[in-house]
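Biologist: I would like to go through this structure piece by piece. Please keep the answers short.

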Amino acid sequence: MKLLVTGGAGFIGSAVVRLAVARGHSVVNLDALTYAACLANIASVADSPLYSFEQADIRDPAAVEAVFRRHAPDAVMHLAAESHVDRSIDGPGVFIETNVAGTYNMLQAARAHWDRIGRPESFRFHHISTDEVFGSLPADPSVKFTEDTPYDPRSPYSASKAASDHLVRAWHETYGLPVVLTNCSNNYGPYHFPEKLIPVIILSALAGKPLPIYGDGSNIRDWLYVEDHAEALLLVLEQGKSGRGYNIGGENERTNLELVHTLCAILDEKRPKASGSYADQITFVTDRPGHDARYAIDPTRIRTELGWRPSVTVEEGLARTVEWYLQNEDWWRALQDRKGVGERLGKAS
Ligand SMILES: NC(=O)c1ccc[n+]([C@@H]2O[C@H](COP(=O)([O-])OP(=O)(O)OC[C@H]3O[C@@H](n4cnc5c(N)ncnc54)[C@H](O)[C@@H]3O)[C@@H](O)[C@H]2O)c1
């Protein structure tokens, strides 16, 4: 299959690109190379005859249209987005432009392309989204996000992603465009940009800096190893039913404080400090405004209909992730100079 992947130089997109090429798909990576992108993430496939790169901005409809005309993809996997909640609090405008208007441009270009190639039912526009569109859950562990949970986004980031999900469904209902949607829980793993919680904790620990925990650390997230997410995304693309949404999650709920303690324990074992534990560096900082209390995915649909299972437990995945950061210092050092990295963002006023 010829896939047009947007955002393929980012964290999850690059995992998708690496896996798709390894599976023998032809991949066109459309990415604007914003602050969050890193071409090193896809260096392993850059010379493959199956891979090509288009630097283009999804906010520019003409640029998007040109990529569709040049490559005539069989399917689209749309991951390009502004993705950091804290940045969305400080500057929501670009989240609306990229995540909402950019998705609109992608849909319009995909629709025109689909018309040109005779409207095959086998075409797919796969929209990759987040569980954050469903809002915040109570502590009761029996309550989880299903595909039928009403949307209730609470940050500029999640509101922009919710809007994009609605556009994708509308283009299916109104124009018949064959789409699939996925809403996934928090990802972690190799190549995670060093502004997100897990890399921030690993790198701050190694630098002997405070390990910042928002509020009291009781917020719960449901963690999924990024390569398991990439596997799920290709499965949904190949076998998901047109017009259908699939929730993806690892059923690995942890409070932020538990997660940080686990990371510290792994670091204590792999790179012991001269004295004490990395956990001694834990520091509680002012909470994020509107910080959602709990996210948890019910992955029954993707498990029963498509047979997907995550391949690693969160403990295995975190150990692999810590090891990757220890072995790939050149990668993360190069990103630490980028604007905003290492600063506290999103405190609002
Ligand atoms: N990270 C998570 O835990 C998570 C969980 C569920 C869903 N998602 C979704 O998955 C997708 C990818 O997330 P990520 O964490 O890999 O993001 P990321 O920030 O690491 O990467 C985003 C990529 O999109 C590109 N991009 C941004 N704006 C663009 C534009 N205007 N035109 C073209 N390219 C642009 C960037 O250059 C970057 O390469 C997003 O849609 C996000 O909402 C993320």
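Biologist: Which hand does the β-α-β unit made by β1, helix α1 and β2 have?

Modeller: Note that this is a predicted model. Strand β2 covers residues 26-31 and runs parallel to β1, with 5 bridges joining the two. Helix α1, residues 11-22, completes the unit with β1 and β2, and the unit is right-handed.

Biologist: In β2, which residue is the bridge partner of lysine 2?

Modeller: β1 and β2 run parallel and are joined by 5 bridges. In β2, the bridge partner of lysine 2 is serine 26.

Biologist: Which residue in β4 stands opposite leucine 3?

Modeller: β1 is also joined to strand β4, residues 75-78, by 4 bridges in a parallel arrangement. Opposite leucine 3, in β4, stands alanine 75.

Biologist: Is strand β1 largely enclosed by the rest of the structure or not, and why?

Modeller: A residue is taken as buried when 20 or more other C-beta atoms lie within 10 Å of its own. In β1, residues 2-6, 4 of the 5 residues are buried, so the strand is largely enclosed by the rest of the structure.

Biologist: Which element gives the most to the largest nonpolar core?

Modeller: That core has 88 residues, and Val16, Met77, Ala110 and Leu263 touch the most other members. With 7 residues, the element that gives the most to this core is α1.

Biologist: Leaving aside neighbours within four places in sequence, which residues is methionine 77 in contact with?

Modeller: Methionine 77 is among the core residues that touch the most other members. Apart from its neighbours within four places in sequence, the contacts of methionine 77 are Leu3, Val5, Val16, His126, Ile128, Leu233 and Leu237.

Biologist: How many residues of the shell around the ligand are charged?

Modeller: The ligand is surrounded by 31 residues, and the closest are Gly7, Gly10, Ala32, Ala37 and Ala81. At least two residues of the shell come from each of α1, α4 (93-116) and β5 (124-130). The shell divides into 14 nonpolar and 12 polar residues, while the charged ones number 5.

Biologist: Is histidine 261 buried, partly exposed or exposed?

Modeller: Histidine 261 sits in helix α8, residues 256-270. Between histidine 261 and cysteine 38 there are 29 Å in space, C-alpha to C-alpha, and 223 residues in sequence. Because histidine 261 has 18 C-beta neighbours inside 10 Å, it counts as partly exposed.

Biologist: Where does alanine 72 lie, and is it buried or exposed?

Modeller: Alanine 72 is not a glycine, yet it has a positive phi of about 40°. It lies in the loop between α2 (61-71) and β4. With 12 C-beta neighbours inside 10 Å, alanine 72 therefore counts as exposed.

Biologist: How does arginine 119 count: buried, partly exposed or exposed?

Modeller: Arginine 119 is not a glycine either, and its phi is positive at about 55°. The residue lies in the loop between α4 and β5. Arginine 119 has 13 C-beta neighbours inside 10 Å, so it counts as partly exposed.

Biologist: In β11, what is the bridge partner of threonine 182?

Modeller: Strand β11, residues 244-248, is mostly covered, with 4 of its 5 residues buried. Strand β6, residues 179-184, pairs with β11 in the parallel sense over 5 bridges. In β11, threonine 182 has as its bridge partner tyrosine 246.

How values were computed: Residues numbered from 1 in each chain as written. Predicted model: local features only at pLDDT ≥ 70, side-chain atom pairs only at ≥ 80, totals over all residues. Pairing = 2+ DSSP bridges. Right-handed = clockwise from strand over helix to strand, strands pointing away. Core = buried A, V, L, I, M, F, W, Y, C linked by C-beta atoms within 7 Å. Contact = placed C-beta atoms within 7 Å. Near = placed C-beta within 6 Å. Nonpolar A, V, L, I, M, F, W, Y, C, P; charged D, E, K, R; others polar.
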